[in-house]
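Subject: Structure for you to look through

Hello,

I am handing over the structure we talked about, and I would be glad if you read the notes below with the sequence and the 3D view open beside them.

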Amino acid sequence: MTQVIVTAPAKLNLALDVVGLLPNGYHELDMIMQAVALYERVTIKRADQIQLFCQNPIVPLNEKNTAYKAAALFFAHTGIKGGAHITIEKNIPIQAGMAGGSADAAAVLVGLNVLYGAALSLSQLCELGVQIGADVPFSLVGGTARVRGIGEKIEPLPTPNPSAWPIVVAMPGRGVSTPQAFARYDELGGGVHPDCAAMAYALRRGNMAQVCSLMGNSLQATGSAENTEDICAVLRSHGALAAMMTGSGAAVFGIFDGEQEAQQAQNQLAKEYRFAVVTHFINCGTKIAAIKE
Ligand code: ATP
C-alpha cells in the first residue's frame with residue numbers, strides 16, 4: 001500500500017457547557033457534538049520524514065500543525081520508523097469552532113494506522129488524539145455524541161434524520177482563537193449553561209423540537225466572535241428553529257425543517273459573508289475514502 005485518502009468531518013456544537021476549571025488550567029466541558037457533511041480530505045503517502053502540503057496559506061506547514069503533531073505522536077507511540085507525505089485539502093473554515101484542525105489530526109491517525117498496518121483500535125486512536133486536541137476523539141468517532149471531560153469521554157447518541165433537518169452554517173470575516181475565547185470566559189464568567197443531560201434524552205427520544213429549545217453555548221456571551229447575533233437573526237428570519245454559535249466561534253449555524261427555507265437563508269448569508277453553506281447531519285466520523293496499492 002503506497003497511499004491512503006482519508007475524509008474527516010466538521011463538527012457543530014448543539015450544546016456547549018463549561019462546567020469547571022481543572023487544576024492544569026484546562027476547562028472541563030459538557031457538550032453535545034454533531035458531525036456534519038463538510039469534510040477535510042487528507043492524502044497520505046509513505047515517506048522518510050513528515051512533510052506537509054496545503055494550498056491554504058493560513059495553515060502552518062510545520063510542527064505546530066495538528067496533522068504534523070498527529071504523525072509525530074503516531075510514530076513515537078508505535079515505534080515505527082517512518083514518515084509521511086501529508087496533503088491537506090482544507091474545506092472546513094479555520095478558527096470556526098468546527099474542529100478543522102482536529103479533523104486533520106484524526107485523518108492522519110486513521111491514515112497512518114492503515115498505511116503502516118499498526119492495527120490500533122479506535123479507542124487507542126482516541127487516546128492518542130486527545131493528546132493533540134480536545135476535539136480529536138470526537139473527530140475520529142463522529143456522528144452525534146455527548147462529549148465530556150476535556151473531550152475524551154464520548155457517549156454516542158442517535159443522529160437526527162439528516163434529510164428532515166437541513167443545516168445552514170455561516171462564517172463571519174474574522175475567526176476566533178480558542179485559547180482567547182476561554183480566557184475571556186474566565187474573565188467574564190457567568191453565561192448560559194445548557195442542560196446536556198436533557199438534550200441527550202431528547203435526542204434518544206427523537207424529539208427535535210426539544211433539542212432545539214435546549215441549544216446553548218457558554219462561550220457565545222463572551223462576544224469573542226463578530227456578527228454572531230446578526231447571522232442568528234438572518235437564520236431566524238428565514239425560519240430557523242434555533243440558531244447558535246458553534247464551539248468557541250466564529251461560525252454560526254441554524255437548524256431548519258425545510259430545504260427551501262435553508263436555501264434562502266444560505267443565499268442571503270452568502271451575499272454578506274465569506275462562507276455560507278447548506279449541509280446536513282451525518283452519523284459517521286473519520287473514514288478511509290480510497291487506498292492505492
Ligand atoms: P476547534 O473547534 O478544534 O477549536 P477551530 O476552528 O477553533 O477548531 P482550527 O481551524 O482547528 O480552529 O485552527 C486554529 C489555529 O490552529 C489556526 O489559526 C492555525 O494557526 C492552527 N493550526 C494548526 N494546525 C492546523 C490545521 N491542520 N488546520 C488549520 N489550522 C491549524
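In what follows, a residue is called near the ligand if one of its heavy atoms lies within 4 Å of it. Please keep in mind throughout that this is a predicted model.

Let me begin with the ligand and its surroundings. There are 18 residues around the ligand, and the ones that come nearest are Asn65, Ala96, Gly97, Gly101 and Asp104. When the residues of this shell are sorted by character, five are nonpolar, eight are polar and five are charged. Helix α2, which covers residues 100-115, supplies the largest share of the shell, namely four residues. As for its location in the protein, the ligand sits in the largest pocket.

Which atoms of Asn65 and of the ligand are 2.9 Å apart? They are an N or O atom in the side chain of Asn65 and a nitrogen atom of the ligand. With Ala96, by contrast, the protein partner is a backbone N or O atom, which lies 2.8 Å from an oxygen atom of the ligand. Gln95 also takes part through its backbone, since one of its polar backbone atoms is 3.0 Å from an oxygen atom of the ligand. Taken alone, the ligand would expose 610 Å², and the protein buries 80% of that area.

Gln95 deserves a second look for its backbone geometry as well. This residue is found in the loop between β4 and α2, and it has a positive phi of about 55 degrees although it is not a glycine.

The next point concerns charged side chains. Side chains of opposite charge can pair when their charged atoms come close. A search of the whole structure finds seven salt bridges, and one of them is formed by Asp104 with Lys90, where the closest N and O atoms are 2.9 Å apart. This pair links distant parts of the chain, because Asp104 belongs to helix α2 while Lys90 lies in the loop between β4 (83-89) and α2, with their positions 14 residues apart.

Finally, please look at the peptide bond that joins Gly249 and Ala250, which is cis, with omega at about 15 degrees. Ala250 lies in the loop between β9 (242-245) and β10 (252-255).

With best wishes

Note on methods: Residues numbered from 1 in each chain as written. Predicted model: local features only at pLDDT ≥ 70, side-chain atom pairs only at ≥ 80, totals over all residues. Heavy atoms only, no water. Polar contact = N/O pair within 3.5 Å; in protein donor to acceptor, adjacent residues only side chain to side chain. Areas by Shrake-Rupley, 256 points an atom, 1.4 Å probe, with all protein chains shown as cover. 1 Å grid on protein atoms, 1.4 Å probe; cavity = no way out; pocket = protein on both sides within 12 Å on 5 of 7 lines; lining within 4 Å. Sits in = over half its atoms within 2 Å of the grid points. Helix = DSSP H or I, 4+ residues; strand = E, 2+ residues; numbered from the N terminus. Nonpolar A, V, L, I, M, F, W, Y, C, P; charged D, E, K, R; others polar. Salt bridge = Lys/Arg side-chain N within 4 Å of Asp/Glu carboxyl O.
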